Amino acid sequence: MGEYRNAEYVGLEEDASPRYDNFKKVSIVPLIFLIFYEVSGGPFGVEDTVQAAGPLLALLGFLLFPFIWSIPEALITAEMGTMFPENCGYVVWVSSALGPYWGFQQGWMKWLSGVIDNALYPVLFLDYLKSAIPGLEGGLPRTIAILALTMALTYMNYRGLTVVGWVAVLLGVFSILPFVVMGMVAIPELEPSRWFVIDLHNVNWGLYLNTLFWNLNYWDSISTLSGEVENPNKTLPKALFYALILVVLGYFVPLLVGTGAIPLDREMWVDGYFADIGKILGGIWLRSWIQGASAVSNMGMFVAEMSSDSFQLLGMAERGMLPDFFAKRSRYGTPLTGILFSASGVILLSWLSFQEIIAAENFLYCFGMIMEFIAFVKLRMRYPAASRPYRIPIGTTGAILMCIPPTLLICVVLALASFKVMVISLLAVMVGLVMQPCLVYAEKKRWLRFSVSSDLPDFLSAHHRDTESGKQ
């Protein structure tokens, strides 16, 4: 952890260490679908926007919200991820701008929000299957099924990121295709007037905004896999661009079809309603396909999220921010300790309800994003000439203005959180505030071993020295 006392940032060299060369890097197609599953996974879970606000606001939300949140976050991820192409991701962005203490807090809050998010997917997977297998509705069989599913998906992560990437491609195609078919069979039934229904006196703004936010965030999660990407300087920005298009269309088109082809009953728009729409429009076979797609989509989101969470811990260990054992890789190149820690967190948090999970992870995620925006602007101001293989074509003023709308949105999301969520989330934040000094003390007492990877040269400090020598 002492590495940051004399250097602000240590970046990756072009020549990778032997241990990285032994493992195959992730190419652009699997990376697109990893991002797709980090952020979306398909339209499953967007039904609450129609229940909360009606068709028009739901459709406008998924058209306009990306401009306020998704595009700025994806652009910042592209610039910062290529500036610091390593597995520490957003942790090293914040460390470089605000120091190691706040970098650690960023890592803690983002890892915890990711684990909370991942606790949702085994539960949702079983929710889609319980209509066919009633025994999974509760009790010991459901608990055993959650544990077994978590262990099976965790093993998939252990087998390698390239395996996870191509599995994400297959699951993504399977999840998207039924909605393409549903759109085609729905054309004769579409009534455009249904899209414009709105009742501003009957809007659940908390549910509406939380659902939009949950379905369109986490673009920065892919940054913790930057060190595993083939030619990240070019691949990462392209993958983010194509994934953004895929995610927005994957939400908007099914909503357009569902609200336009079926008479509106807002109370019916709950999780799983797309399967019912499929039955109405195409029959039982289409409903079954959508239900199957919903189930495997949750599998895809689980493995993608766990990959980011576990590689983040590996990256923090390589930075000397966590003990050495987090930096150990399996024979498949995967962070074994990080995977086990993330899987344990998922199991411990799986008792939370759906709404509590969304609210709690959104709350923690918001804190982390505020620090990312500050780090982005501060590094633009402090190191304007530093190497940025992808640079957002705006100046410092533009960078500040770009961060204002998403920051205001964050304030709204935080204000709408319930008192229970606020208390739990703030307690979690306090754990991180105490944990970092405790780890520093453990290092000082040599209770745990920390070290900094020799493959991570001092990038920003070297730039700073070059700048200073140029002035002399």
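How are α11 and α12 oriented relative to each other? Keep that question in mind as you open the structure, which is a predicted model.

**Stop 1: α11 and α12**

Select residues 232-261 for helix α11, then add residues 273-282 for helix α12. Packed helices like these can be summed up quite simply. Two packed helices are described by the angle between their axes and the distance between the axes. For this pair, the axes cross at roughly 60 degrees and come within 11 Å. The two helices are therefore oblique to each other. The crossing of α11 and α12 is left-handed.

Now show some side chains. On α11, pick P254, L255, V257, G258 and A261; on α12, pick F274, I277 and L281, which they meet. Colour this contact by class and you get seven nonpolar residues, one polar and no charged.

**Stop 2: α11 again, with α4**

Keep α11 on screen and select residues 55-83, which make up helix α4. The axes of α4 and α11 cross at roughly 175 degrees and come within 10 Å. With an angle over 145 degrees, α4 and α11 are therefore roughly antiparallel to each other. What classes of residue make up the contact of α4 with α11? There are 19 nonpolar and six polar residues, and no charged ones.

**Stop 3: α6 and α13**

Next, select residues 100-118 for helix α6 and residues 284-318 for helix α13. Their axes lie 10 Å apart, and the helices pack at an angle of about 160 degrees. That makes α6 roughly antiparallel to α13. This crossing is left-handed.

Zoom in on the contact. Among the α6 residues that make it are F104, K110, W111 and D117, while α13 brings residues including F302, E305, D309 and M316. By class, you'll find eight nonpolar, four polar and four charged residues in the contact of α6 with α13.

**Stop 4: the empty spaces**

Time to look for gaps. Rolling a probe the size of a water molecule over the atoms shows where empty space is left. How many cavities of 30 Å³ or more does a search of the whole structure find? The search finds four. The largest cavity has a volume of about 70 Å³.

To find the largest cavity, select V39, S40, Y121, W214 and M301, which lie nearest its centre among the 13 lining residues. M301 should ring a bell: it is one of the α13 residues in the contact with α6. Then highlight α2 (28-39) and α10 (205-215), since each supplies at least two residues of this lining. Seven lining residues of the largest cavity are nonpolar, three are polar and three are charged.

How values were computed: Residues are numbered from 1 along each chain as its sequence is written. This is a predicted model: local features need pLDDT of at least 70, side-chain atom pairs count only at pLDDT 80 or more; totals for chains, interfaces and linings use all residues. Side-chain values use heavy atoms; hydrogens and water are left out. Axes are lines fitted to C-alpha atoms, for helices over the stretch in contact, and angles run from 0 to 180 degrees between N-to-C directions. Helices (H or I, at least four residues) and strands (E, at least two) are DSSP runs, numbered from the N terminus. Angles under 35 degrees count as roughly parallel, over 145 as roughly antiparallel, 65 to 115 as roughly perpendicular and the rest as oblique. A crossing is left-handed if the near helix is turned anticlockwise from the far one by less than a right angle, and right-handed if clockwise. Contact means heavy atoms within 4.5 Å. Ala, Val, Leu, Ile, Met, Phe, Trp, Tyr, Cys and Pro count as nonpolar, Asp, Glu, Lys and Arg as charged, and the others, Gly among them, as polar. On a 1 Å grid over the protein atoms alone, a cavity is a set of points where a 1.4 Å probe fits but cannot get out, and a pocket is an open set with protein on both sides within 12 Å along at least five of seven lines; lining residues have an atom within 4 Å of a point. Grid points are joined across faces, edges and corners, and a volume is the space filled by probe spheres set on the points.
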